Amino acid sequence: MPTIFRVFGYIFKFYSNEHEPIHIHVIKGGSKAKYTINPVELIENEGFNPAELKMIESIVEDNQEVIAEHWNKYFNKAQ
């Protein structure tokens, strides 16, 4: 399960058996969330408070291209 990057202790990753649409999992401590990247939208949240979700969403928005590049490279998709 590739880790794309870490920011402020949050781990941004996807799993090796993922499916479309492109999305990212965010983990910190016992909390986790899942966001699609186009559009950036929260799909699941287990434990993050609203302020954390706002910050995570901003990080995902700022890194949409990076996430998509890693996804396409890992799953061997044409860009």
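**Questions on strands, turns and rings**

Author: Phe8 sits in the loop between β1 (3–7) and β2. The model is predicted.

Reader: Why is Phe8 called exposed?

Author: Its relative accessible area is 61%. Exposed means over 50%. So Phe8 counts as exposed.

Reader: What sign does the phi of Phe8 have?

Author: Positive, about 50 degrees, although Phe8 is not a glycine.

Reader: What makes Trp71 buried?

Author: Its relative accessibility is 1%. The cut-off for buried is under 20%. Trp71 therefore counts as buried.

Reader: And why is Phe75 called partly exposed?

Author: Phe75 has 22% relative accessibility. Partly exposed lies between the limits of 20% and 50%. The value falls there, so Phe75 is partly exposed.

Reader: How many aromatic pairs are there in the whole structure?

Author: A search finds 7. In one of the pairs, the ring centres of Trp71 and Phe75 are 4.8 Å apart.

Reader: Why is the pair of Trp71 and Phe75 called tilted?

Author: The ring planes stand at 50 degrees. Stacked needs under 30 degrees, edge-to-face over 60. The angle meets neither, so the pair is tilted. Ring pairs also link Trp71 and Phe75 with Phe14 and Tyr74 into a cluster.

Reader: What makes Lys28 a charge over the ring of Tyr10?

Author: Lys28 lies over the face of Tyr10, at 4.5 Å from the ring centre. The distance limit is within 6 Å.

Reader: How do you know that β3 and β4 pair?

Author: 6 bridges join β3 (residues 23–28) to β4, and the strands run antiparallel. Pairing needs at least two bridges, so the two strands qualify. His25 stands opposite Lys34 in β4.

Reader: What connects β3 and β4?

Author: They form a hairpin with 2 residues between them. Gly29, in the turn, has a positive phi of about 60 degrees.

Reader: Which strand pairs with β4 over 6 bridges in the antiparallel sense, besides β3?

Author: Strand β5 (residues 40–46). Thr36 stands opposite Glu41 in β5. A hairpin joins β4 to β5 through 2 residues. Pro39 is in that loop. The peptide bond from Asn38 to Pro39 is cis, with omega near 5 degrees.

Reader: What makes β4 mostly covered?

Author: In β4 (residues 31–37), 6 of its 7 residues are buried.

Reader: Where is Pro21?

Author: Pro21 is in the loop between β2 (10–13) and β3. A cis peptide bond joins Glu20 to Pro21, with omega about -5 degrees.

Note on methods: Residues numbered from 1 in each chain as written. Predicted model: local features only at pLDDT ≥ 70, side-chain atom pairs only at ≥ 80, totals over all residues. Heavy atoms only, no water. Buried < 20%, exposed > 50% of the residue type's maximum accessible area, 1.4 Å probe, protein only. Helix = DSSP H or I, 4+ residues; strand = E, 2+ residues; numbered from the N terminus. Phe/Tyr/Trp six-rings, centres within 6.5 Å; stacked < 30°, edge-to-face > 60°. Lys NZ or Arg CZ within 6 Å of the ring centre and 35° of its normal.
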